[in-house]
Amino acid sequence: MKTANGIPKKTKVCCAVAALLSPLWGATTLQAQDASQQQESNNEVEVIEVKGIYKQSLQNALENKRNADSIVDGISADSMGAFPDLNLGESLQRITGVQINRSNSNPSDSPRDASINLRGLPDDFSRTLINGLPFADPVDYGGTSFGAFQSDLFSGLEVVKSPTAIMPEGGLSGIINLKTARPLDLADDSMTLSVKGIYESLTEAVSPAMAFSANKHFLDDRLGVSISLVSSKDNYRRDTTLVTRYSELPDGEGGTVTMADGGKVYYPGQMRQIVSSYDGNNLGLSTAIQYKINDNTETNLSLLYADRDLDRPFDLWVVSNQGSTTQVEALSSPIFAGNNAAGNPEYVVTDVNLTHVDATQGPRPGSMKDDMLNVNWDLKWSKDEWTVKGALGHSEGSNITRTVQYDYRYGGENGLIAQISSGGADWKGYSVDITNAQGANFEDVNTLENTSGDYVLSPPYVLEAPSNIGGYNRLIIADTDTVIETDMDVANIHIERYLDMGALSGFELGSLYTSSTEDSSRQRHTAIGLQNLSTDFINNDFVNDVHFLDGAGFMGGNVNSLNNWTSLDGNLIAQRLQPVVVPDGYMLGTAGWTINPYDGGMLNGTYTADTDIFSLYGKLNFDGSFGDIPYRANIGVRYVDSSIELLSMRNNEGSIEYVTTNNDYDNVLPSANITLNLTEDVILRGAYSKTIVRPLNRDNTPAQSISVSTDTTDPNPIKATLGSNNLEPYSANSYDLSLEWYNRPGGAVTVALFKKDIEGFIASTTLCPNDGGDLPFGNLTGAGVTNSEGVFDCFTSEGQGIIVTQARNTPDTIAITGLEFSIQQNLDFLPGFWSGFGGLFNYTIIDIDGEINGNEAALTGVSEKNYNAVAFYENDDFSVRLAYNWRDEYQLAAGGTFSGAARSVDARGQLDSSASYNINENLVLSFEAFNLTDEPLIEFEGNLNRQRRVDYDGKTFIVGARYNF
């Protein structure tokens, strides 16, 4: 049979008996930690456990941290509600060493997806679990979209920074465990209802949100049932200014401007204004049934469901140079913009006047939907010194993003004049002023393109410009749909034995089995097969005279921009031009346009991966003393056998063929932890573990992708990516040392050091294979290195510059060293009013040393420094909190702006606040505010003078009421 992506899928036979006997882990430590804390805290964990009022919840967190056999901090439901947090990712960033990612260079994503970096490392270095079990996370980039989860669904969060042998592998930077409620652990006959109104400053809209939870015990507290239901509406916006291309500044004499030191001078050659809207609904459900069968046996069945369904259209206006057709006048002096890859200086002029520019306007209607269902069942039996636990889990999820591009572009000697400024280091200095603008006029359309470029690409992919391309007014229909569907079955068994054999206090052993499938489909829309091409169908009815920009002005009115511009009616275009006639060998896409199966991006993103992972583990626990110093310790080892079957497509000389590849490997992962109570209030912890991170399925397909830049100044216009099918996991040896001083009730000071030596890291490697690497360009020539001009030396048989990349396990070792510092204090020792104050502060700094493919090692999305600071005041009736989060600048990969080198995101801090007032013991009023300092997200290349992108989200305010029945 075939999956939704069109790839034949093998039939999976699951045997229930085998599933029950197969190993499981999930409910072992993390899921049942409250029941056997003394034996299951041998993992180096950072957890925040919070119950009751805010100050008391922080103190409870410290007690959990202090009593654990590892580093422990945490967040519970009360704590998450106490912080000003929009989603689960915002809650997680309050933990030491956690950074939230707010960048989304692809508008098809949401700025509130809220993936996180743990200990400063990229999001795909961490592993997320639900109730201690793996689950089907419907993303293909390795991280977790915490923005899809609402905090009210969970009873707590855990961060495991030094995994032990009993925990699932895959968390190089750590494991994030999301805990749902167990009914018998909650108060009986409790019920809470909260309602909120959410105001977004950019859309100027108010959206409702609701949360309901209830818990009830039966049969003399032997049976418990809990439910949490959350629902909210989103109506927010992100405005973006984007310099997609910097071009060399002409000198007016047929050459380009060069500074005295030989540095080239560039100007913003293409600028975009984008308005991305997100309007839709979120729904979440968490429910559980827990039953204590007898004094020795209990069982729990839990269900978690989350659904996010958003309309996600965005509109844009683009002005771009047209090579020699465009007249360029510099309006500002060159300023230094950093050195290029070869170390040569480069400069920019931020302000220019362009005559005869190419202009683009158009809508990009789209949507995004993700959902996840997770069901866990666990059974625990304890008697005397024995404990046996088992768990089964099933989960499934999907992530669907759809976008269609309708662009009207007009160029040539059109008299269109654009006076533009990138703003340089001042994002508010951005400005665009256009004169002689005609707007879209379909009576002048003289070509209808089926790809999103100004050039025709046809085998053998030689770059050919149609004659007089500058004179074309053109309608473009393009863009992409991506569908990812995942499912996973999990089985685990865990056995514990408590011993009284001197220092040896017990052992744990068990196994875990997971079987999962990931179906990924990527579709590229084209205008191939159009039939209705007369003016009866294509005319000025397509022009939408209604200005689309509702709410506040563009970028909140902070820039001098095109605040409103006419757009196109995408629905009418589809209505007039469909249906299409699909040629042989092509497919009809979900949006009704023709899909080109030979598109490299589609081939690379379309596959089915079946993964089976079997693991065995064992751990010895120790308890004793070195003289007068008590200690707790454990050592263990985990054996993991992985089998992946990947079914994908590739273009074999114009014919699509299905390719099946198998990748099997096993790993042995040792670990050790020790906790020393140096004094009554001072604890020293040490840990070692070996962990792995598996390659992404999309990186392990044999599909090739090819693109050709329309930038005539690009020395390497052809970009090709070779497929891979033999990538292996990369591994890390991790070392941790932590010192904790609990100086007073509710107070602690902690310093932690960590080091990770990463081997076999998977990186994109730049190549120039002499045999052409099965690419349709013949043999390639060149040294395969970047020369002193910053140009990669590689050419096709036709003499065109080309860059070939392939994902590979590198032979290099990357050393990551970090320091974490945190302090938390309640000032309740002060008299009267002053006793309500308190605060917490945490800080992380990391250093990366080593090389990747001969270059200095750098990991994308990693900040060298970050910190969180929270100040609060609380008494019996009133509380207020200020929370500030800051992270240093970090690098992004190249490609997010179509041209140019790798970019960086500027350092950014965000101030949030919350307050609550207890009307009585049942009713609480609350207020929350986000991004009070109105900070944008700024990307740049080289330095801030060469600004590439600015994302502006505005502020968010929430007013709510909660009633406890």
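## A strand covered on both faces

In this predicted model, strand β18 is covered on both of its faces, with Asp358, Thr360, Gly362 and Arg364 buried on one side and Ala359, Gln361 and Pro363 buried on the other. In a regular strand the side chains alternate between the two faces of the sheet. The strand spans residues 358-364, and seven of its seven residues are buried.

Two strands pair with β18. Strand β13, residues 314-320, runs antiparallel to β18 and is joined to it by seven bridges, with valine 319 standing opposite alanine 359. Strand β21, residues 405-410, is also antiparallel to β18 and is joined to it by three bridges; here glutamine 361 stands opposite tyrosine 408.

## An exposed serine and a buried arginine

Serine 324 lies in the loop between β13 and β14, the latter covering residues 327-330. With a relative accessible area of 79%, serine 324 is exposed. Its C-alpha atom is 9.2 Å from that of proline 250, although the two residues are 74 positions apart in sequence.

Arginine 638, by contrast, belongs to strand β33, which covers residues 629-652, and this arginine counts as buried because its relative accessibility is 2%. Its side chain makes a polar contact of 2.9 Å with the side chain of serine 615. Beyond its neighbours within four places in sequence, arginine 638 is in contact with residues from several parts of the chain, including Ala165, Ile166, Met167, Pro168 and Glu169, as well as Leu512, Tyr617 and Asn667.

## Helix α6 and the nonpolar cores

Helix α6, residues 570-577, is largely enclosed by the rest of the structure, because six of its eight residues are buried. The buried positions are Gly570, Leu572, Ile573, Ala574, Arg576 and Leu577. At the start of the helix, a side-chain oxygen of aspartate 569 comes to within 3.2 Å of the backbone nitrogen of asparagine 571.

Two of these helix residues, Ile573 and Leu577, appear together with Ile420, Ile477 and Trp593 among the residues with the most contacts inside the largest nonpolar core, which has 50 residues. Strand β11, residues 264-292, gives the most to this core, contributing five residues. A second core, separate from it, has 22 residues, among them Leu118, Ile176, Leu178 and Val230. In soluble globular proteins, nonpolar side chains tend to be buried together.

## Strand pairing around β50

Strands β49 (residues 908-918) and β50 (residues 923-930) run antiparallel and are joined by six bridges. The two strands form a hairpin with four residues between them, and within this pairing asparagine 918 stands opposite valine 924 of β50.

Strand β50 is also joined by eight bridges to β53, residues 956-964, and this pair runs antiparallel as well. One of the bridge partners here is isoleucine 958 in β53, which is paired with glutamate 928.

## The chain as a whole

The protein chain contains seven helices and 53 strands, and buried residues make up 56% of its 965 residues. Of the contacts in the chain with a separation of 6 or more, 74% are between residues 24 or more positions apart. The chain exposes about 37200 Å², of which carbon and sulfur atoms supply 52%.

## Where the model is confident and where it is not

The mean pLDDT of the protein chain is 82, with 85% of the residues reaching 70 or more. Among the elements of the chain, strand β32 (residues 607-626) has the highest mean pLDDT, at 96, whereas helix α1 (residues 16-21) has the lowest, at 32. Over residues 79-84 the pLDDT is below 50, and this stretch has 26 contacts in the model beyond near neighbours in sequence.

Residues 449-471 form another stretch where pLDDT stays under 50, and for these residues the model has 56 contacts beyond four places in sequence. Where pLDDT is low, the predicted coordinates should not be read in detail.

Definitions and conventions:
Residues are numbered from 1 along each chain as its sequence is written. This is a predicted model: local features need pLDDT of at least 70, side-chain atom pairs count only at pLDDT 80 or more; totals for chains, interfaces and linings use all residues. Side-chain values use heavy atoms; hydrogens and water are left out. Buried means under 20% relative accessible area, exposed over 50%, partly exposed in between (1.4 Å probe, protein chains only). Contact means heavy atoms within 4.5 Å. Accessible areas come from the Shrake-Rupley method with a 1.4 Å probe; for residues, only the protein chains shown count as cover. Two strands pair if DSSP finds at least two bridges between them. A polar contact is a pair of N or O atoms within 3.5 Å; within protein, one must be able to donate a hydrogen and the other to accept it, and residues adjacent in sequence count only if both atoms are side-chain atoms. pLDDT is the predictor's confidence in each residue, from 0 to 100. A nonpolar core is a set of buried Ala, Val, Leu, Ile, Met, Phe, Trp, Tyr and Cys residues joined through side-chain atoms within 4.5 Å.
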